[in-house]
Amino acid sequence: MVRRIVWIFSMAGAVILAGITAMLLSNQSHIRVPAIAALVTFAAVILSYLGGIEWGLALQERGGTERTRAVGLGLSTIPALAAWGILWAPSPRWQVGAALALFVVVWGADLWLARQGLIPSWFVDMRTAVTAAVCVILGVALYLL
């Protein structure tokens with residue numbers, strides 16, 4: 001049941017990003033400007049959330065070694081700090097492009113954490129599918145900007 005809920009919530013996040021991206025098709029600035037802000041801030045929030053997941057998994061003493069958990073804790077701080085940095089990027093194109101790249105980087109960190117025994121394989125499968133969807137959505141958004 002938990003796995004199903006994780007999939008549903010994760011896909012819901014991708015659907016929200018897709019909905020916001022669809023708003024970029026509008027030529028009206030009173031729709032586009034808030035949509036761009038919503039897209040960038042939502043991506044930053046989700047990236048921060050992913051770092052929190054990594055933090056929580058690295059804190060567990062059941063998987064990995066003391067060293068891999070310590071590295072995992074270090075890795076887990078990067079998404080939130082980088083997401084905060086996205087908000088300061090000089091343009092929406094830079095913000096969305098950086099968010100897209102960060103989703104790939106965080107996914108790569110999850111793969112490493114999984115190989116160290118800190119993340120279950122079903123979670124990596126879900127992250128791979130949702131990250132692919134999010135990257136396509138952000139790629140479309142980047143094109144529309």
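Biologist: If angles under 35 degrees count as roughly parallel, over 145 as roughly antiparallel, 65 to 115 as roughly perpendicular and the rest as oblique, how do α3 and α4 run relative to each other?

Modeller: They are roughly antiparallel, because α3 (residues 66-86) and α4 (residues 92-115) pack at an angle of about 170 degrees, with axes 10 Å apart. Helices here are DSSP runs of H or I, at least four residues long, numbered from the N terminus. Axes are lines fitted to C-alpha atoms over the stretch in contact, and angles run from 0 to 180 degrees between N-to-C directions. This is a predicted model, where local features need pLDDT of at least 70 and side-chain atom pairs 80 or more, while totals for chains, interfaces and linings use all residues. Residues are numbered from 1 along each chain, and side-chain values use heavy atoms, without hydrogens or water.

Biologist: Which residues of α3 meet α4?

Modeller: Among them are V71, L75, P79 and I86, and the α4 side includes L102, V106 and W112 (contact means heavy atoms within 4.5 Å). This contact has 13 nonpolar, three polar and no charged residues; Ala, Val, Leu, Ile, Met, Phe, Trp, Tyr, Cys and Pro count as nonpolar, Asp, Glu, Lys and Arg as charged, and the others, Gly among them, as polar.

Biologist: And how do α2 and α3 cross?

Modeller: The axes of α2 (residues 29-59) and α3 come within 8 Å and cross at roughly 170 degrees. So α2 is roughly antiparallel to α3. V40, L47 and W55 are among the α2 residues there, and R69, L73 and A80 among those of α3. By class, that contact has twelve nonpolar, five polar and two charged residues.

Biologist: New topic: how many salt bridges are there?

Modeller: Two (a side-chain nitrogen of Lys or Arg within 4 Å of a carboxyl oxygen of Asp or Glu). In one of them, R69 pairs with E66, with the closest N and O atoms 2.9 Å apart. Both residues sit in α3, three residues apart, about one turn of the helix.

Conventions: Helices (H or I, at least four residues) and strands (E, at least two) are DSSP runs, numbered from the N terminus.
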